[in-house]
Amino acid sequence: MASQDIPEEFLDGCARILADASATGRGLTRDELDSRRALGERAADAGYGLRALVGAHLARARAFAAAPRAYGAPGGAAPPVSAEAVLAAVEQAVDAFAEGYERAQRLAIRQEEAARREFIDDLLHGRSDFGLLGERAERFGLRLSVAHAVAVARGERVYEDGDDAPREVERALIARFGDRSPLIATKDGRLVCVTTADQGDVLDFFAKQAHAATDGGRVAIGRPQPGAGGVVQSYEEALSTLDLAERLDLREPVLRAADLLVYPVLTRDRQAMADLVLNTLGPLREARGGAEPLIETLAVYFDAGCVAAQAARRLSLSVRALTYRLERIHRLTGTNPADPMHRYTLQTAVIGARLLSWPAREF
């Protein structure tokens with residue numbers, strides 16, 4: 001917008017101030033400064049750009065200097081004194097105007113951040129009427145009538161909206177996807193990304209950027225779900241996946257809930273899983289050192305595809321020592337880890353023990 005397009009109301013009193021300054025050489029009074037600040041706030045609220053507003057003030061100063069009497073200035077003032085006084089008055093006026101403008105912008109930003117934070121809280125917890133939530137979502141670039149997926153990144157520390165990590169991730173997404181960039185926020189110290197279900201490439205890119213920005217943090221991606229309630233479902237699924245990864249000590253930096261659906265199924269009947277763990281692995285508590293070292297041995301053995309040499313290397317054991325442990329497990333439990341018929345029962349029991357934090361937590 002050009003300076004000549006600025007309405008006269010935002011230059012109200014400017015010529016009178018310049019006329020008084022040229023006649024007396026005085027600076028602006030407190031009331032005049034306050035009036036400039038108030039005009040700056042009104043101009044910001046009206047959506048005019050500061051550059052055009054400053055240009056309009058300078059244009060008015062030039063016009064006054066060319067024809068001071070046309071703006072009410074008395075004649076006969078010495079040009080050097082008048083010019084210096086006018087410049088000083090313009091500087092004070094523009095500075096006060098810009099101060100008011102920036103104050104209004106800061107307030108608007110705080111209000112926008114508060115509205116955004118409230119919306120995100122309501123969106124991720126489903127605490128608002130879904131119809132009203134859908135209307136509010138459009139303001140932030142979301143159409144809740146389509147399916148969305150949520151990714152959550154967790155690092156070693158807590159993150160807030162103004163921190164470097166979320167800003168870095170958001171900048172990278174905007175630079176890469178432009179109008180397709182998703183909603184990026186923080187919630188409970190984690191980074192959150194909400195995008196439509198058809199933008200898997202956006203979620204993949206977010207996961208890569210968030211993993212780097214959080215210094216190797218882990219990212220979980222929930223399954224796409226329809227509607228406003230689907231955002232909540234996908235978010236909670238991503239959180240559950242992060243929790244599951246921690247309990248199972250999964251090492252992958254990026255985890256997809258769709259790839260881990262077997263684990264919620266296994267724990268759906270908690271009592272049945274607890275019975276399986278106790279009946280299958282309970283005898284390991286009789287071993288010297290307790291059950292935990294042998295359960296870890298089984299977990300690593302199964303993770304290594306039941307390849308003894310690879311499992312021994314991961315455990316920093318010799319193959320002979322690993323074989324001895326597996327034989328010890330066989331003698332105590334009556335199930336043989338090397339037997340395909342027994343392997344599924346043992347592996348399921350080990351997964352259940354990790355999910356239920358047994359034996360550190362007794363049932």
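About 320 Å³ of space lies in the second largest pocket of this predicted model. Its lining is made up of 13 residues. Those nearest the centre of the pocket are E113, R116, D161, G162 and E170. Helix 4 (79–125), helix 6 and strand 2 each supply at least two lining residues. Helix 4 provides the largest share, with six residues. By class, seven residues of this lining are charged, five are nonpolar and one is polar.

The largest pocket has a volume of about 880 Å³. It is lined by 30 residues, and L248, D249, A299, D303 and R354 are the closest to its centre. Two or more lining residues come from each of helix 8 (227–248), strand 5, helix 11 (292–303), helix 12 (308–315) and helix 14 (340–355). Helix 11 gives the most, with eight residues. The lining of the largest pocket has 17 nonpolar residues, eleven charged residues and two polar residues.

Helix 8, one of the elements lining the largest pocket, also holds D243. The relative accessible area of D243 is 34%. Buried residues fall under 20% and exposed residues over 50%, so D243 counts as partly exposed. D243 and L355 are 112 residues apart in sequence. In space, their C-alpha atoms are 9.6 Å apart.

Strand 2, which supplies at least two residues to the lining of the second largest pocket, is mostly covered. Five of its five residues are buried. L183, A185 and K187 point one way from the strand. I184 and T186 point the other way. Residues on both sides are buried.

Strand 2 runs antiparallel to strand 3, and five bridges join the two. Within this pairing, T186 has L191 of strand 3 as its bridge partner. The two strands form a hairpin, with two residues between them. In the turn, D188 has a positive phi of about 55 degrees.

Strand 3 also pairs with strand 1. These two strands run antiparallel and are joined by six bridges. A149 of strand 1 stands opposite T195 in strand 3. Strand 1 has a further antiparallel pairing, with strand 4, over four bridges. Here A151 is partnered by I221 of strand 4. Strand 1 is mostly covered, with six of its seven residues buried.

Helix 7 packs against these strands. It comprises 14 residues, 200–213. At 1.5 Å a residue, a helix of this length should span 20 Å. The C-alpha atoms at its ends are 20 Å apart, so the expected and modelled spans agree.

The buried residues of helix 7 are V202, L203, F205, F206, A207, Q209, A210 and A213. Their packing partners include four of the strands described above: strand 1 (148–154), strand 2 (183–187), strand 3 (190–196) and strand 4 (218–221). Strand 5 (254–256) and helix 6 (164–177) are also among the partners. Strand 5 contributes to the lining of the largest pocket, and helix 6 to that of the second largest pocket. Just after helix 7, D215 takes a positive phi of about 55 degrees.

Key: Residues are numbered from 1 along each chain as its sequence is written. This is a predicted model: local features need pLDDT of at least 70, side-chain atom pairs count only at pLDDT 80 or more; totals for chains, interfaces and linings use all residues. Side-chain values use heavy atoms; hydrogens and water are left out. The expected span of a helix is 1.5 Å times one less than its number of residues. Buried means under 20% relative accessible area, exposed over 50%, partly exposed in between (1.4 Å probe, protein chains only). Contact means heavy atoms within 4.5 Å. Two strands pair if DSSP finds at least two bridges between them. On a 1 Å grid over the protein atoms alone, a cavity is a set of points where a 1.4 Å probe fits but cannot get out, and a pocket is an open set with protein on both sides within 12 Å along at least five of seven lines; lining residues have an atom within 4 Å of a point. Grid points are joined across faces, edges and corners, and a volume is the space filled by probe spheres set on the points. Ala, Val, Leu, Ile, Met, Phe, Trp, Tyr, Cys and Pro count as nonpolar, Asp, Glu, Lys and Arg as charged, and the others, Gly among them, as polar.
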